[in-house]
Amino acid sequence: MRVTARGRRMPSLRPGVNAQGALFGATWFVNCSRRWAHQRHLSTIRRDSVNGAWHAPGIELGPFLDIPRREHGTVSNIYDAREIEKRWQAYWAEQATFHTPGPGEAGFDPSRPKYYVLDMFPYPSGDGLHVGHPMGYIGTDIIARRKRMEGYNVLHPMGYDAFGLPAEQYAITTGQHPQETTNRNIATYRRQLQMVGLSYDWERELTTSEPRYYRWTQWIFGRLFDRGLAYQAEVPVWWCEALKTVLANEEVINGRSERGDHPCERRPLKQWMLKITAYADRLVDDLDTLDWPESVKTMQREWIGRSHGAEVSFPIRGHGSGTVDVFTTRPDTIFGATFMVIAPEHALVDEITTAEQREEVQAYVRVAAAKSDLERTDLAKDKSGVFTGAYATNPLFEEGDERSRIPIWVADYVLASYGSGAIMAVPGQDQRDWEFAEKFDLPIIRTVKPGEGFEGQAYLGDGPAINSGFLDGLEVTEAKEKMIEYLTSKGLGTAKTNFRLRDWLFSRQRYWGEPFPVLHGEDGERIRVPDEELPVVLPEMDDFTPSDDGAAPLSRAPEWVSYTDAAGKQWKRETDTMPGWAGSCWYYLRFMDPSNDQEAFSAEAEKYWGQVDLYVGGMEHAVLHLLYARFWHKVLYDLGLVGSTEPFQRLFNQGMLTAFAYKDSTGRLVPADDTEEQGEKVVAKDSGEVLEQVIAKMSKSLKNVVNPDAVIEEYGCDTFRLYEMFMGPLAESKPWNPRDVPGCRRFLERVWRLFVGEDSSSSVRPQLLEPSTGEPEGDSLTLARELHKMLKRVDDSFKQYNFNTAIAGMMSFVNEANKLTHAFTRDQAELFVQALSPFAPHMGEELWARLGHQGGVSASDWPKPLEKYLAVDEFELVVQVLGKVRGKVSASKSASKEELLALARATVAEQLEGKTVVKEILVPGRLVNFVAK
């Protein structure tokens with residue numbers, strides 16, 4: 001079919017309407033003036049009868065998507081962001097553009113390198129996304145799009161961590177089943193994520209609350225059970241009466257629940273535990289193999305808390321063979337132990353407390369039970385404690401030596417969960433002990449000589465031992481070793497490695513979680529549900545309110561609880577459910593093979609995709625989620641199910657997006673709805689107090705949450721993406737400022753004008769449909785240099801994901817190019833679009849198609865800067881007269897001294913007129929200074 005320069009319309013190639021009613025297809029037309037077409041031999045454009053591509057002389061036009069026309073029939077040159085974005089999103093969905101076939105799938109190419117980039121998947125709350133949530137997602141999307149252009153098979157999936165307390169609390173409040181609210185919330189999240197133009201492989205989407213997923217969570221738990229890594233034990237736990245459930249330590253802050261701020265108390269309850277401590281050494285050692293932020297590694301090491309030292313027994317006076325056993329990392333300081341401290345929960349508290357001290361001790365223990373571990377170990381808090389009335393014997397001193405009799409105190413800065421729950425206190429070498437000793441007037445003895453000029457309290461540095469008998473004069477390391485040898489030889493202690501890490505409390509007395517695949521017999525026997533009977537599906541229940549006595553809601557489903565095996569034996573199902581962490585411990589593996597109904601993931605898929613190459617998420621998950629996932633992965637490695645010892649090779653923490661908020665004179669943050677503007681000031685509505693503007697985390701309570709839907713509707717998705725990245729480096733936290741958003745929109749409009757022009761009647765400026773010929777010269781060479789300088793800047797931005805510098809580079813180039821539009825060539829246009837497309841993918845696709853390409857810009861090559869354009873032969877020569885700058889001129893780097901001096905003289909000829917130059921000073925590559933009189 002012929003399409004003349006008058007603009008006859010080409011036929012529709014793939015017309016249609018998607019499920020949302022959005023137009024998709026590929027109806028394209030080319031319109032150009034008769035004169036323009038005649039000059040370029042484009043009086044006819046033909047369509048290839050074989051592949052459907054459109055051809056013009058020297059250019060492959062391709063089967064384009066539909067570009068809207070203005071009423072008189074010419075191509076629209078208006079930048080209609082939402083029309084363009086909706087059209088391309090519909091096309092991506094129709095074509096499954098970002099689906100990456102894996103092993104065993106049609107189209108899989110094993111010869112291509114793989115790249116697995118993963119976001120920490122979200123919990124789908126009822127509020128949907130605010131503008132802070134997509135920041136990391138946009139960052140990984142930019143990376144994924146570039147990797148595809150570099151020829152990688154890119155695995156970039158998305159799913160939802162859907163089990164958890166919030167959905168259940170909402171269900172209890174509203175009477176809606178948590179599955180209904182979860183599904184509704186997921187639909188909102190999916191719509192918003194797709195609206196942002198994220199290139200996820202939606203065929204791999206998963207939800208942890210779906211039985212087809214948690215079947216395999218239960219299967220992995222079964223492997224833990226079989227290896228003795230899952231067990232039940234009665235342990236002191238945080239119980240929240242308002243929430244009617246056990247909470248983990250990290251979910252309690254200052255004795256109150258993190259969610260809902262309800263009071264909590266310690267209770268001994270039988271709970272499921274996972275033996276993460278069996279992997280403590282490996283969890284520490286393998287951190288050295290990972291490309292993670294050092295701050296995260298440090299947090300994990302401190303949480304695990306591995307320390308080497310000795311366990312020492314201190315006899316309790318008046319209690320026969322009773323001892324207080326302590327673990328110490330500084331056995332060299334035992335000579336300086338002047339008192340002992342045991343945790344309020346320690347088993348010896350009731351046994352050794354004297355009658356005179358009992359009432360005071362019991363009151364103290366009750367107060368300590370309401371404090372969290374973090375609160376108790378806060379170094380800044382005032383030290384508190386109570387004397388038990390009992391004494392221990394320091395085994396290094398002879399009986400009768402007054403130094404051998406040391407008092408035993410109860411204090412909450414010692415935790416029962418660390419070591420033995422007791423310490424020998426050496427105030428001379430420990431600051432907490434020093435503060436405690438000062439407060440309660442206890443002796444202080446130094447055992448290490450402080451360095452010269454030391455004026456502090458407890459001395460923590462190295463030095464020779466003092467007041468330490470046979471250790472005197474030895475340095476700390478040597479003194480430790482000698483003391484351990486002595487303790488071992490005398491039967492007073494042994495060398496030991498200790499961990500702060502405790503086994504993982506894995507039970508919740510709630511409905512909305514994965515059921516445990518465990519059966520309890522009347523005789524106390526426990527077995528797991530056979531694999532072929534998985535999943536153990538949650539029963540349908542109308543009332544999932546926790547019981548007042550702490551019993552799990554599932555215990556009120558008798559038909560579900562009751563189980564009869566093939567032999568007729570009666571069992572009862574476990575009624576606790578797994579915590580919200582369970583499903584996120586292994587989801588990265590399921591993404592590799594999400595449709596497999598025979599196994600959690602195939603060996604072939606795991607072997608090909610291997611470790612996650614880049615894992616991106618917030619610092620709030622620096623310890624717990626990452627630690628738990630590493631633990632499960634190591635168990636799977638020991639089972640031969642995965643080929644690596646670690647799940648996430650590189651970790652990157654994106655910053656937090658904050659917002660403006662207001663603070664009153666007391667420091668209280670005031671919700672935006674409770675403020676009003678009065679001229680240049682913002683005041684509180686109720687009191688009229690002038691408020692201070694501050695930066696705070698976006699939150700519903702402060703009413704400072706910004707919804708991305710409104711931003712995208714007003715400015716477009718590409719503008720939103722660019723602004724999220726332009727605010728600052730991806731790793732840094734920064735405030736959302738709505739006044740800055742229009743600047744990114746104006747940049748895209750300048751890009752549009754650069755390509756389409758103000759009055760163009762064709763898809764792009766006519767010159768951009770002409771093949772570039774020869775090497776660029778003049779203004780085109782200037783643009784080539786600017787372009788490749790930009791490409792270098794874009795490339796460099798991927799090293800630390802400082803994408804703001806890439807966007808700044810693009811803005812700079814576009815400003816220059818719009819001054820020299822006559823010199824802007826097709827080759828330059830293509831390279832710019834390829835670099836822009838990961839950042840503003842909809843505009844990238846649109847311009848790529850308008851340039852006549854098939855297959856989408858995602859299928860093209862990533863542009864590389866060329867050194868020949870970066871190595872510019874010129875520099876700016878500064879010309880001075882008597883030390884003052886009088887001119888600047890471009891000079892060749894290869895110019896001789898004589899040539900530079902001549903160029904400089906010509907530049908300031910007017911200033912030198914009538915004067916005699918008595919000296920010429922040349923600083924190579926920088927300046928010339930004429931001394932004249």
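How do strands E29 and E30 pair, parallel or antiparallel, and over how many bridges? Select residues 669-670 for E30 and 657-663 for E29: the two pair in the antiparallel sense over 2 bridges. (Strands here are DSSP E runs of at least two residues, helices are H or I runs of at least four, both numbered from the N terminus; two strands pair if DSSP finds at least two bridges between them.)

Before you click on, a word on the model: it is predicted, with local features needing pLDDT of at least 70 and side-chain atom pairs counting only at pLDDT 80 or more, while totals for chains, interfaces and linings use all residues. Residues are numbered from 1 along each chain as its sequence is written, and side-chain values use heavy atoms, leaving out hydrogens and water.

**Stop 1: around E29**

Stay on the hairpin. Lys663 sits opposite Leu669 of E30. There are 5 residues between the two strands, and in the turn you'll find Gly667 with a positive phi of about 95°.

Now add residues 692-697, strand E33, which runs antiparallel to E29 and is joined to it by 6 bridges. Pick Ala659 and you'll see its bridge partner in E33, Ala696. Next, show E34 (residues 734-735), which pairs with E29 in the parallel sense over 2 bridges; Leu657 has Lys734 as its bridge partner there. E29 itself is mostly covered, with 5 of its 7 residues buried (under 20% relative accessible area, using a 1.4 Å probe and protein chains only).

**Stop 2: Glu646**

Hop back to the loop between helix H17 (624-638) and strand E28 (651-653), and select Glu646. Its relative accessibility is 1%, so Glu646 counts as buried. Show side chains: a polar contact (here, a donor and an acceptor among N or O atoms within 3.5 Å) of 2.8 Å joins Glu646 to Arg630. Beyond neighbours within four places in sequence, Glu646 has contacts (heavy atoms within 4.5 Å) that include Asp286, Gln611 and His633.

**Stop 3: the open sheet**

E28 takes you to an open sheet of 4 strands, ordered E7-E6-E27-E28 with parallel pairing. E7 (153-155) and E28 are at the edges with a single partner strand each, so one side of each has no neighbour in the sheet. From one strand to the next, the twist averages 20°.

Zoom in on E6 (residues 114-119), which pairs with E7 over 3 bridges in the parallel sense. Tyr115 has Val154 as its bridge partner in E7. Last, turn on helix H3 (residues 134-149), which packs on the sheet and touches E6, E7 and E27 (614-617).

How values were computed
Buried means under 20% relative accessible area, exposed over 50%, partly exposed in between (1.4 Å probe, protein chains only). Axes are lines fitted to C-alpha atoms, for helices over the stretch in contact, and angles run from 0 to 180 degrees between N-to-C directions.
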